[in-house]
Amino acid sequence: MTATEERPPAVPARRGRRTGRGSGGSRLLNGAIGLLLVGGAIGLQTLYLSENDYTAPLTYVGDKGANVDAGRFTVRLNSFAVAKAIQSSSKTMATDNLFLIVNASAKSSLKPYHLGQPVLLTGDDRRFAATDRVDSGSTLAAAWVQPDIWVSGAFFFEVPASVLPGARVVFGLPPSALVEPYRPEVEIDLGLDEEGARKLAAQPQDVYSIVKK
Amino acid sequence: MTEPSGGHDGPRRPVVVPALALVAVTIIGVTALLGGLEEASEAPPQLTSGAVLDQGLYSTRFVESRVRVQPAESTFAEEKRFLELVFDVTNLGDETTPIGLPPSEPKLAATSSFFAGSLVKIAPTFPEDAGPFVFALNKDDETRQLHPGVTTKVIVRYELKDTEQPPEKVTLDVAAFEYEAGFQDPTERWSMISEEVGGELVPEIKARVTLPVRDGTRA
């Protein structure tokens, strides 16, 4: 009672119209809410996407052996192997690194597509394009991917053995002249840890043949 | 505290401020006399065979320049002679890049972000039908890719006519790359370090490389 009697003469003089709202409790609350809003705003800044992230494709992630549906097409990574050389009908190509041969199957949803050459995404996010030493006509990229008809084929990478742990293969559509935001892509983890990668790289095939019989 | 010491600080302050001003003016004056903060336009460093140049996206060793005779492929074909420029190129970037082609004219160079595009000027010039042919050798097999973290032997070559003598040396003006947002498009990517001069982008020459031509056939 005494407090309400004493305040009115003092408060109007200092704070004008905000009479009665400036009690100690609500000032603390306002401060806390302010801090929360500032904190939230600063927190949101960490979610800020760079221009490169904005323009990146939409990635559908899956595991080896599973059908990964990217809307327009579905990809399954069946198996992979490494080799020291690849034999085509005209020559045998050797390498100081390793050839990684990825066997995949694909189908589409509504209309026929070609797949583009895939990219090998390493554990430290470097991107290896599929090798151009193997003619793309010998890869799955040459086949039409049609609705509900699975086609299978191989893709070829040439990579140092050191990038195999944590590597993922990213399948997408071939590059087009038309700029299209959020094109779908499928990212499939090879499931190789340090140990698995070392074992795989220690026993490469001598020659992997792509000659059609 | 400030009240009692005010008597001492009072006369000292007018000394400190002009002294600072004088120092600042001197620094600005000296900087201006030395040509301002703009980078001094020096002649690019001269390099020769065996030198290594950091081009930002690539670390490049200029191995040599040589004359290579390619034997006839069949009894009807003739042997061919090529002037070859040999580079060991390590891709320091995060993704595979194509080798590209040297620019047909130096003023078109700045648009390229590929290795061969950084060979802004190759002197002497060769006729248009002589090349350049650009490829990389991987175990005697041709490729046109530079994979990240991998060193690749890149060859730029020109075909020499029957009686044409190769030049004694080849001089290359080499540019470099930087990772930044584009001129009009905010996406970040590798592009050639260049300046706008009179409405045209002119690549900045990082080094001038002179390669004496090794000619085994001439001896």
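## Exercises: the A–B contact and the strands of chain A

In this predicted model, 17 residues of chain A are in contact with 16 residues of chain B.

**Exercise 1.** Break down the side of chain A that touches chain B, by element and by residue class.

*Solution.*
- Start with the elements. Those giving two or more residues are helix H3 (51–54), strand E4 (92–108) and strand E6 (127–129) of chain A.
- Now rank them. E4(A) supplies the largest share, 4 residues.
- Finish with the classes. This side divides into 7 charged, 5 polar and 5 nonpolar residues.

**Exercise 2.** Describe how strand E2 of chain A pairs with strand E3 of chain A.

*Solution.*
- Take the direction. E2(A), residues 67–69, and E3(A), residues 73–87, are antiparallel, with 3 bridges.
- Pick a bridge. Val68(A) has Val75(A) in E3(A) as its partner.
- Inspect the turn. The hairpin has 3 residues between the strands, and Gly71(A) adopts a positive phi near 90 degrees.

**Exercise 3.** Which residues stand opposite Gln87(A) in E4(A) and in E10(A)?

*Solution.*
- Begin with E4(A). E3(A) and E4(A) run antiparallel and are joined by 13 bridges.
- Read off the residue. In E4(A), Thr92(A) stands opposite Gln87(A).
- Check the connection. E3(A) and E4(A) make a hairpin with 4 residues between them.
- Turn to strand E10 of chain A, residues 208–209. Its pairing with E3(A) is parallel, over 2 bridges.
- Read off the residue again. In E10(A), Ser209(A) stands opposite Gln87(A).
- Combine the two. Gln87(A) faces Thr92(A) in E4(A) and Ser209(A) in E10(A).

Methods:
Residues are numbered from 1 along each chain as its sequence is written. Chains are lettered from A and ligands numbered from 1 in the order in which they are written. This is a predicted model: local features need pLDDT of at least 70, side-chain atom pairs count only at pLDDT 80 or more; totals for chains, interfaces and linings use all residues. Two residues are in contact if their C-beta atoms, placed from the backbone, lie within 7 Å. Ala, Val, Leu, Ile, Met, Phe, Trp, Tyr, Cys and Pro count as nonpolar, Asp, Glu, Lys and Arg as charged, and the others, Gly among them, as polar. Two strands pair if DSSP finds at least two bridges between them.
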